[in-house]
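Got a structure on your screen and wondering how anyone decides what to call its parts? Let's take some labels and check them one at a time.

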Amino acid sequence: MSASMLRFASRRTVSIYNSSIPKALNTTIRCIATSPVKTLTETKSSFPDHKFSYEKACRQALVDNTLTNKSDTLDFGAYQRTFKLTISEEEASKIPSILALHARLNLSKNYQYSTLVRSLTCQTADSDYADNLQMSLFGAHLLSYYVTEHLIATYPRLPVSILRNATEAYIGDYSLYDVAKNVWGIEADSTSNLEKYLAKEPRLFRFGRLRFSSHTTEVEKGITKIGSTSELAITKATAFSNAVRAIVSGLYAHDGEEATKEFIKNHILSRKIDVGKMFQFRSPGKMLVKLLKAQKMEAPTIRLISETGRNSSSPVFIVGCFSGEHMLAEGQGSSLKEARIRSLVDALKAFYLYRPLDPKASSDKDFKPLFVDAGETFY
Amino acid sequence: MFPITRATVKTTFQTTVRRLNSTTSTKEPNLPKKLPVTPNKYNAKSSAFNLKPVLPEGLFYHPAPAAPTPKLTPKAFLPDSDPRKTSKLYFPEETTKIKENLQYMPVLSKAPTPHSYHMTAKDVEELQKLRDQGVSRSELKKKFKVSNHFISISTRPSQETLKKEKEQLDKVVKKWSKGTRAARELREKEKVNWYRG
């Protein structure tokens, strides 16, 4: 995982708060006690109807007149799109970058080169070639299914908001852009027709690169024009990620479900994301009290484990968050308040980040259904 | 180098090798003496006091001297079906380090357990109304039989009080120097990390 991806994953922190407190009351209740510079760090709660990029990819609307169904309108599998032009298998096998990509991804012989060409062709207004729109739509669903399944199996207690963020960190536009560009080495077709002519590049070679109508165009060096007249314009990250999704769906078509699952495991789930860093709690004390009550455990107590330099300029306090005799978490800080809050946050994280010893997803062969947890009983 | 005599020529290649590798002194005076060990910086004589630990064979449990991580689920949070819950090998510090020393760990704070739930929504509304009118805290406490804390969490201060407090705060903030303001802002930003862990 690249540095930029790590930054992305850590930036996407989620606030969990107690929704039972009325919002108006919650905001005005302690206004006197807050610091005047508090507004700097206050984070607005995310919109409840916010859609992540992987969710948007699953809900792409197909506005296209070419979609036809000759037999029965209710037979949804029979809907097809017709294209004027397609790249044949023979033509596709002459493109060097397609052959290289096929070899780099270690795809099987069943996987046709022409499918890769189609995966790299996004829908544009001026092109009549077969595009990857439906392929990426299906690939988005495949990715979303296997990644969510993996996350639920490994972290069965994750709150829904964290689960969605973790899924986004795996298969969001920016992650898949990183996979496509930096791992798979897919290139965007950015040169003009004149440049291609001057370079004496065969016409066919452009189909080996990712072709899409971009939101931004570089007019000249240092000047970027933002905004496109085309309705089909997409961002660079979306175009690259759609190519990945389309390639995944192509694998399903040629090699079947098991191969697709293995491919996703090797290329997507092998990337490391830090789920523990995605948490942010608004009132951890209240939450822990409710959580322990729901788990039928004793209410939390904070005990001082050790301290040093209480009267100095840099004291260190180590406190433990206990439920009865069980220590749930340890917290340290330069004030008792900091140590206490950190211990409460860690106790909550210790609950949510539980991992079974041998996690099995439901699509695995030796999966046995088991009851792990009652879920979030108090939200 | 070595004088080529009849004797040296006669010796076979194998015996030469054997002789060169042996530590015992050879009869021939010109051959350099073979050292018992390759010369290095370590001085066995002066470092004799520096005893090397002789570890018994096998596996060791030697955790890093670091704060426990929430990734290691405490036994109390493990489901009953998990074999780690009853294992003695999982998180042994819970008994060795914590449970035996619990008496030396003073309680700093406990989750409050409210004793009575006599206040209804209507009562809180009335409490808010009286507070807005400027009735003193002691009178409110006496009338509703609630604590100071309950009044502050269930009601909000009146608009007048809020305005007054804000004016006072703004006055104080105006007096802050650039450095003070920066330090205050930094402190607030650091506090955000407490809640992320």
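What follows is a set of questions and answers about this model, which is a predicted one.

Q: Why is R81(A) called buried?
A: The cut-off for buried is under 20% relative accessible area. R81(A) comes in at 10%, so the label fits.

Q: And what makes D131(A) count as buried or exposed?
A: Its relative accessibility is 6%, and buried means under 20%, so D131(A) counts as buried.

Q: How do you know that R81(A) forms a salt bridge with D131(A)?
A: The rule asks for a side-chain nitrogen of Lys or Arg within 4 Å of a carboxyl oxygen of Asp or Glu. Here the closest N and O atoms are 3.1 Å apart, so R81(A) and D131(A) pass. This pair links distant parts of the chain: R81(A) sits in strand 3 of chain A, while D131(A) is in the loop between helix 6 and helix 7 of chain A, 50 residues apart.

Q: What makes E187(A) and R209(A) a salt bridge?
A: Their side chains meet at 3.9 Å, N to O, and the limit is 4 Å, so the pair counts.

Q: Which parts of the chain does that pair tie together?
A: E187(A) lies in the loop between helix 9 and helix 10 of chain A, and R209(A) lies in the loop between helix 10 and strand 4 of chain A, so the parts tied together are 22 residues apart in sequence. By the way, R209(A) has 19% relative accessibility, so it counts as buried under the 20% cut-off.

Q: Why is K360(A) called partly exposed?
A: Partly exposed is the range between the 20% and 50% cut-offs. K360(A) has a relative accessible area of 27%, so that's the label it gets.

Q: What about D366(A), buried or exposed?
A: Exposed means over 50%, and D366(A) has 53% relative accessibility, so it counts as exposed. The side chains of K360(A) and D366(A) meet in a salt bridge too, at 4.0 Å, N to O.

Q: What makes a network out of salt bridges?
A: Sharing partners does it: salt bridges join E187(A), D189(A), K196(A), E201(A) and R209(A) into one network. Over all chains, the count by this rule comes to 20 salt bridges.

Q: How many salt bridges does the rule find across the interface of chain B and chain A?
A: It finds one. The side chains of D274(A) and K71(B) meet in a salt bridge at 3.8 Å, N to O, and that's within the 4 Å limit.

Q: How do you know what area is buried between chain B and chain A?
A: You take the accessible area that the two parts lose on being put together, summed over both. For chain B and chain A that's about 4,900 Å², with carbon and sulfur atoms giving 66% of it. In chain B, F77(B), W194(B) and Y195(B) lose the most area to chain A, together 17% of what that side buries. The contact takes 49 residues from chain B and 60 residues from chain A.

Q: What makes strand 4 and strand 5 of chain A a pair?
A: Pairing needs at least two bridges, and these strands have four, so they qualify; they run antiparallel. One of the matches is T217(A), whose bridge partner in strand 5 of chain A is K225(A). The two strands form a hairpin with two residues between them, and G222(A) in the turn has a positive phi of about 95°.

Q: How do you know that strand 8 and strand 9 of chain A pair?
A: They share seven bridges in the antiparallel sense, and two would do, so they pair. I318(A), for instance, has Q332(A) in strand 9 of chain A as its bridge partner.

Q: Why are strand 9 of chain A and strand 1 of chain B called edge strands?
A: Four strands form an open, antiparallel sheet in the order 9(A)-8(A)-7(A)-1(B). Strand 9 of chain A and strand 1 of chain B each pair on one side only.

Q: What makes I268(A) buried or exposed?
A: At 2% relative accessibility, I268(A) is under the 20% cut-off, so it counts as buried. I268(A) lies in the loop between helix 12 and strand 6 of chain A, and its contacts include L143(A), V147(A) and Y170(A).

Terms used:
Residues numbered from 1 in each chain as written. Chains lettered and ligands numbered in written order. Predicted model: local features only at pLDDT ≥ 70, side-chain atom pairs only at ≥ 80, totals over all residues. Heavy atoms only, no water. Contact = heavy atoms within 4.5 Å. Buried area = accessible area lost by both parts, 1.4 Å probe. Buried < 20%, exposed > 50% of the residue type's maximum accessible area, 1.4 Å probe, protein only. Lists of a residue's contacts leave out its neighbours within four places in sequence.
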